[in-house]
Structure formats: C-alpha cells, structure tokens
Amino acid sequence: MSKYRSFKGTERTMARRLGGKRTGHLGGQDVDAGWLSVEVKHRKALPTWLLDAISQARRHAGADQLAVVILHQHGSRHDDNLVVLRLADFETWFGNADELATADHDD
C-alpha cells in the first residue's frame, strides 16, 4: 500500500471512529468531528519513548483513571503542553462515534 493511500485510509478510519467526516486538504483539518477538529498523522513507526510513556501511564493508572502522557518542550509555556492518550481509552471515557455525535459538548 502506498504512503498516500495509507494516510487517507487512516483519516477515513478516524473519521468513522469519531463520528466525523474526512475533509482532507479541503477543510483545513483532516477530520471534522463536530466538537473535535482532528489532525491525523500517519507514520510507519512512532517513537519508542512515546509508546513506552503511554504503557507506563496505563500500567500505573487505577481503574477509575484515564492514562495520559503530558509532553512539555523545555522553555515553552505549560499551556502549550500536549496531552496524548490511546484512542481506545479516549472512546472509553468520552464515547464511541454514536455517543460523540449526539453528545452536547457546549456545557
């Protein structure tokens, strides 16, 4: 499968999983999922240190805790930190595509 087809397929899958629509280059965002503006990055491999961090967060999370990794760049404001979590964990906490599409996120 070509790189081009791979990232498009990933965008389509994410749109389906999040109850949104793949907009590709036309929408400025890869997926419009209502309250979520999604940029999808498809890579052959993710950094091992990041996968290890997610595994560590999940290992240490209690049954009622959402495992996230906070990424901070030295010298930057903490408001600009990134929050990373697994899609499956996101769906468990915030809902699947049907739940996301009907949820009121303006509260």
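**Exercise 1.** In this predicted model, decide whether E11 is buried or exposed, then find the salt-bridge partner of its side chain.

*Solution.* Start with the cut-off: buried means under 20% relative accessible area. E11 has a relative accessible area of 4%, so E11 is buried. Next, look for the partner: the side chain of E11 meets that of R22 in a salt bridge, 2.6 Å from N to O. This pair links distant parts of the chain, with E11 in helix α1 (residues 3–18) and R22 in strand β1 (residues 21–22), eleven residues apart. Finally, check R22: its relative accessible area is 24%, so R22 is partly exposed.

**Exercise 2.** Work out which helices are linked by the salt bridge between R17 and E91.

*Solution.* First, find the contact: the closest N and O atoms of R17 and E91 are 2.6 Å apart. Then place each residue: R17 belongs to helix α1 and E91 to helix α3, and 74 residues separate them along the chain. Now add the accessibility: R17 is partly exposed at 33%, while E91, at 17%, counts as buried.

**Exercise 3.** Classify both partners of the salt bridge between K41 and E39.

*Solution.* Take K41 to begin with: exposed means over 50%, and K41 has a relative accessible area of 56%, so K41 is exposed. E39, at 46%, counts as partly exposed.

**Exercise 4.** Find out which residues form a nonpolar surface patch with F94.

*Solution.* Begin with F94 itself, which lies in helix α3 (residues 87–94) and is partly exposed at 39% relative accessible area. Its patch partners are W35 and W93, and together the three have about 330 Å² of accessible area.

Terms used:
Residues numbered from 1 in each chain as written. Predicted model: local features only at pLDDT ≥ 70, side-chain atom pairs only at ≥ 80, totals over all residues. Heavy atoms only, no water. Patch = residues over 30% accessible without salt bridge, like charges linked within 9 Å, V, L, I, M, F, W, Y side chains within 5 Å. Areas by Shrake-Rupley, 256 points an atom, 1.4 Å probe, with all protein chains shown as cover. Salt bridge = Lys/Arg side-chain N within 4 Å of Asp/Glu carboxyl O. Helix = DSSP H or I, 4+ residues; strand = E, 2+ residues; numbered from the N terminus. Buried < 20%, exposed > 50% of the residue type's maximum accessible area, 1.4 Å probe, protein only.
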